[in-house]
Amino acid sequence: MFDLKAAGYNDPILVSGTDGVGTKLMLAIAMGVHDTIGIDLVAMCANDLIVQGAEPLLFLDYFATGKLDVDAGRAIVSGIAEGCKRSGCALIGGETAEMPGMYSDGDYDLAGFCVGAVERGNILTGADVAEGDVVLGLASDGIHSNGFSLLRKIVDRSVLGYEDIAPFDSERTLGQVFLEPTRLYVNSCLAAIRSGGVHALAHITGGGLTENIPRVLPDGLGVELDTASWTIRPEFKWLAQTGNVAPEEMVRTFNCGIGMIVVVDPAASQSVRQVFEAQGETVFEMGQVVTQQDGSDQVVIRNLSEPWKN
């Protein structure tokens, strides 16, 4: 049970979402690292609520396996609890299912369900987005939880394994880099929304920059971005070069260093940026909202081929 009135809401609209972490689970299982995948699970759900302007309030998890490994289960649930702590929501329950024959030894699956609330007049719909709005990007912590089917194929075809030191990070293995948990943007986005001027938010998950940003754009509007305006993390460059992946496919499959897009009133862009930076976010001014030309893409990225050359 959850008491919305005690949480301080007057006229709340409930917002809910459910998600998983995809084939990133296969990497966690292969490496025997189970204590961060729960953070990913919460982040994939909670970050999807904040884009509606909703504060995550409660979370439930579903953990299914053939035979329960108590140590692995404890680590998984501790990660879920940590994700809830980081996003300020309550872990109020869940289901652990043992299903012999459904899963191979050591395999498991996770799903999460999150409920949040937003005051009726504060819902973010994207309707306020206008030509000239500034597009800010919040840096990701790495791959997050999308694109792992392609990632695994690239690693399989490379000369390196997950236990090998990453060629772009002398202190971590490839597996450690790729298992870095999804960043939770809940607290920083809530602070920015409350400061005023935020017109829309887009969580950059499956579909990357080119397919997630249009979800929050009104008809007739697009965005123009420039790759020179943000830092593309080295793991994405390694994947592109090692897998011979085209730049267009990279920005459609991966977050490429940007985990959350924020569309802001230009008059408030600097103050909103300062709020995010005070919350510990790395912020890039990536471009602006423009009138969409007939037949053109809603997301146009200038100098797209440049960052992948070094």
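Ala-117 is buried, with a relative accessible area of 1%; buried means under 20% relative accessible area, with a 1.4 Å probe and protein chains only. The model is predicted, so local features need pLDDT of at least 70 and side-chain atom pairs count only at pLDDT 80 or more, while totals for chains, interfaces and linings use all residues. Residues are numbered from 1 along each chain as its sequence is written, and side-chain values use heavy atoms, without hydrogens and water.

Ala-117 sits in strand S4. Strands (E, at least two residues) and helices (H or I, at least four) are DSSP runs, numbered from the N terminus. Leaving out residues up to four places away in sequence, Ala-117 touches Leu-4, Tyr-9, Pro-12, Ile-13, Leu-14, Ala-54, Glu-55 and Leu-57; contact means heavy atoms within 4.5 Å. Ser-195 is 78 residues from Ala-117 along the chain, and their C-alpha atoms are separated by 18 Å.

Strand S4 belongs to an open sheet of 4 strands with mixed pairing, in the order S1-S4-S2-S3. Two strands pair if DSSP finds at least two bridges between them. Strands S1 (12-19) and S3 (90-98) are at the edges and have a single partner strand each, so one side of each is left without a neighbour in the sheet. On average, neighbouring strands of this sheet are turned by 15° against each other, direction ignored. Strand S2 (residues 55-65) runs parallel to S3, and 8 bridges join them. One bridge has Leu-58 with Ala-90 in S3 as its partner. Helix H2 (residues 37-50) packs on this sheet, where it touches S1, S2 and S4 (108-119), and its direction makes about 35° with that of S4. Axes are lines fitted to C-alpha atoms, for helices over the stretch in contact, and angles run from 0 to 180 degrees between N-to-C directions.

The other sheet to follow is also open, with 6 strands in the order S8-S10-S5-S11-S9-S12 and mixed pairing. S8 and S12 stand at its edges with a single partner strand each, so one side of each has no neighbour in the sheet. From one strand to the next, the twist averages 25°. Strands S5 (residues 134-139) and S10 (residues 258-264) run antiparallel and are joined by 6 bridges. Among the bridge partners are Val-134 and, in S10, Val-264. Helix H2 packs on this sheet too, touching S8 and S10, and its direction makes about 160° with that of S8. Helix H6 (residues 186-195) lies across S5, S8 and S10 and runs at about 165° to S8.

At the S12 edge, 4 bridges join S9 (residues 221-226) to S12, and the two run parallel. Val-223 stands opposite Val-299 in S12. In a regular strand the side chains alternate between the two faces of the sheet. Strand S12 (residues 299-302) shows this alternation: Val-299 and Ile-301 point to one face and are buried, whereas Val-300 and Arg-302 point to the other and are not.

Next comes the largest pocket, which holds about 300 Å³ of space. On a 1 Å grid over the protein atoms alone, a pocket is an open set of points where a 1.4 Å probe fits, with protein on both sides within 12 Å along at least five of seven lines; lining residues have an atom within 4 Å of a point. The volume is the space filled by probe spheres set on the points, which are joined across faces, edges and corners. Of the 21 lining residues, Asp-48, Val-51, Gln-52, His-203 and Arg-215 lie nearest the centre. S1, H2 and strand S8 (198-203) are the elements that give two or more residues to the lining.

Terms used. Buried means under 20% relative accessible area, exposed over 50%, partly exposed in between (1.4 Å probe, protein chains only).
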